[in-house]
Amino acid sequence: MSKHHRKLADLHTHLYGCIHSVDFLEFLLERDVDWTAYQRNYESVYGVCPPIAEILDRCRSGVAGSRDEFDRLFVFGDGDAGNFDRFQAKFEILNHGSALAGFWRGQVPVSAVIDEACAFIHKIVARQRQQNVGYIEHRMALGPEFSRCQSKEFVLAMLQSYAQYEDADVQARLAISLPREDPWPAWEVVQEAALGPLGHLLTGIDFCYLEEGYPPRQQREFFDAVKDFNRRHPGRALAILYHVGESFNDKSLESAVRWVHEAAEFGAHRLGHAIALGVDPDRYGRHVRTENVAERADQLRYDLRHREGLAEFGVHVDIAGIKAELERISTFPTDHRLTVEYDDAKIDALSRRQDYAIRCVRQLGSVIEVCPTSNRRIGGITNPQHHPVKKFIASDAPFVIASDDPGIFGTTLADEIEWVQQCHHLPDDALAHIVDLSWSSRSEVLTGRSSPATN
Ligand SMILES: [Zn+2]
């Protein structure tokens, strides 16, 4: 860690995912929690019931090794890796152990949730500061269970917590995560807070959680509303942070690449993960996928629109063939599933499509957020040779390295950077460039609120 002389900027983190195992244990030792729902869900995913209450009792009695037991239960490690359900089952310890669960059951007031979140903010900032992080953006969802008034209160209280670091050697900013299903109600709350006295600390909006089933084109009108807000309030402009191309089992690899490209086209300032844009297609080998007719039609129209650019990268677009296919599938129901088969030629073309889309993303000015541990453990990209960062380095894509959920992963941003450097043999000057790019890709810089100069 000490070899990074400059302070680091972590641009992709989720507030509760930053809570350190030790801090959460300290918090739980003071509490009496009903773990039934957490245990039931965990058992359905992992096949074993976690003995959380017993572990906590042993920790309270100071039994040797019990704190390590808690750590193993808490951290989503390489051994747990595989998919989002497994991650979520572990993450639930945070929801069920915190005041949120009591709030859901109507047992505690919203003020308890707010006070608790703010107390965690201070613990998290303290840890990140120790880890040489000089700037952090935290993302936090408001939760559909909050009323508009409660949401406003929550955002304001979080901003007041971040305001305590304005003169410190670590700066913290907030981005509100909006539901993909319907971002509009929370957007009202966000705009009001952004224009309020602490709005300089609220610098972005985020879309996270499940992405399959939510094509970027559905957010086009919303992105336009954000861009309009930014034009009217340049001093309080908000960056659009968009998780995309992280999970794409429901569609063709071509469509998965296109989703990332489209998110950038529609105005996302930063793209969360974008695994589809850089993953080595060899990871999947020869295989078969399916996608629905609506996606297929979108993909065919994309190919027509981008045929010249694709041709530059050696991807031939057969105009007559595409028009005939569009005609043919126009009679199918839009949710009908079509089969896509991958042979060597198609896999090779996919890699070229990625190169083309990367060039477009670069030209559009969007920045990719690479979260190595998250991609290994949630994304299941365990072989470093398949990891998207390899292509991003080779093709000079604009990317930053971030930690996503350093608490539940038991990692630090410095660990993430070191992994990239070691696995992909980055020279020191290239590494320095990536660290610099994080500073100049802060939300407030990408939206033009602040100058790229670092603090
Ligand atoms: Zn994330």
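This short presentation describes side-chain contacts, a metal site and the cysteines in one structure.

Good morning, colleagues. Please keep in mind throughout that the model is a predicted one.

I shall begin with the metal. The zinc ion is coordinated by four residues, namely His12, His14 and His243, each through NE2, and Asp404 through OD, at 2.1 to 2.3 Å. Written along the sequence, the donor residues follow the spacing H-x1-H-x228-H-x160-D. Among these donors, His14 and His243 form a pair that links distant parts of the chain: His14 lies in strand β1 (residues 8-14) and His243 in strand β5 (residues 239-244), 229 residues apart. His14 has a relative accessibility of 14% and counts as buried. His243, at 3%, counts as buried too.

What is the arrangement of the 4 donor atoms around the zinc ion? The arrangement is irregular, because the donor atoms subtend angles of 83 to 170°. A tetrahedral assignment would require all angles to lie between 85 and 135 degrees. For those of you reading the site by eye, the ideal angle for four tetrahedral donors is 109.5 degrees.

I turn now to salt bridges. The structure holds 32 of them, and I have chosen three for closer discussion.

In the first, the side chains of Glu369 and Arg270 meet, with 2.5 Å from N to O. This pair links distant parts of the chain, since Glu369 belongs to strand β9 (residues 367-370) and Arg270 to strand β6 (residues 270-273), 99 residues apart. Are these two partners buried or exposed? Glu369 is buried, at 0% relative accessibility, and Arg270 is buried, also at 0%.

In the second, Asp355 and Lys391 meet at 2.8 Å, N to O. Asp355 lies in helix α16 (residues 344-364) and Lys391 in helix α18 (residues 388-394), so this salt bridge ties together parts that are 36 residues apart in sequence. Asp355 is partly exposed, with a relative accessible area of 25%, whereas Lys391, at 15%, counts as buried.

The third is a contact inside one helix. Lys227 and Asp224 form a salt bridge of 3.6 Å, N to O. Both residues lie in helix α10, 3 residues apart, which is about one turn of the helix. Lys227 is partly exposed at 27% relative accessible area, and Asp224 is partly exposed at 38%.

Beyond individual pairs, there is a network to point out. Arg217, Arg258, Glu262, Glu295, Asp298 and Arg301 are joined into one network by salt bridges that share partners.

Next, the aromatic residues. The count comes to 28 aromatic pairs. One of them is Phe87 with Phe91, a tilted pair with 5.7 Å between ring centres and 40° between the planes. Phe87 and Phe91 both lie in helix α5 (residues 84-97), 4 residues apart, about one turn of the helix. Phe87 is buried, with a relative accessible area of 5%, and Phe91 counts as buried at 15%.

Phe207 and Phe222 make an edge-to-face pair, 5.7 Å centre to centre, with 80° between the planes. Phe207 is in strand β4 (residues 202-207) and Phe222 in helix α10 (residues 220-232), so this pair ties together parts that are 15 residues apart in sequence. Both Phe207 and Phe222 are buried. They also belong to one aromatic cluster, together with Trp184, Trp187, Phe223, Phe229 and Tyr242.

Two rings have a charged partner over them. The charged end of Lys251 sits over the ring of Trp259, at 3.6 Å from its centre. Arg289 lies over the face of Tyr284, 5.2 Å from the ring centre.

Finally, the cysteines. How many disulfides does a search of the whole structure find? The search finds 0. Cys59 is in no disulfide, and the nearest cysteine sulfur, that of Cys49, is 17 Å away. Cys59 is buried, with a relative accessible area of 7%. Cys371 is likewise in no disulfide; the nearest cysteine sulfur belongs to Cys18 and is 11 Å away. A disulfide would need the sulfur atoms within 2.5 Å. Cys371 counts as buried, at 1% relative accessibility.

To close, I would draw your attention again to the zinc ion with its irregular arrangement of 4 donor atoms, and to the salt bridge between Glu369 and Arg270. Thank you for your attention.

Note on methods. Residues numbered from 1 in each chain as written. Predicted model: local features only at pLDDT ≥ 70, side-chain atom pairs only at ≥ 80, totals over all residues. Heavy atoms only, no water. Phe/Tyr/Trp six-rings, centres within 6.5 Å; stacked < 30°, edge-to-face > 60°. Helix = DSSP H or I, 4+ residues; strand = E, 2+ residues; numbered from the N terminus. Buried < 20%, exposed > 50% of the residue type's maximum accessible area, 1.4 Å probe, protein only. Lys NZ or Arg CZ within 6 Å of the ring centre and 35° of its normal. Salt bridge = Lys/Arg side-chain N within 4 Å of Asp/Glu carboxyl O. Donors = N, O, S within 2.8 Å, 3.2 Å for Na, K, Ca; no water. Tetrahedral: all angles 85-135°; square planar, octahedral: opposite > 155°, others 65-115°.
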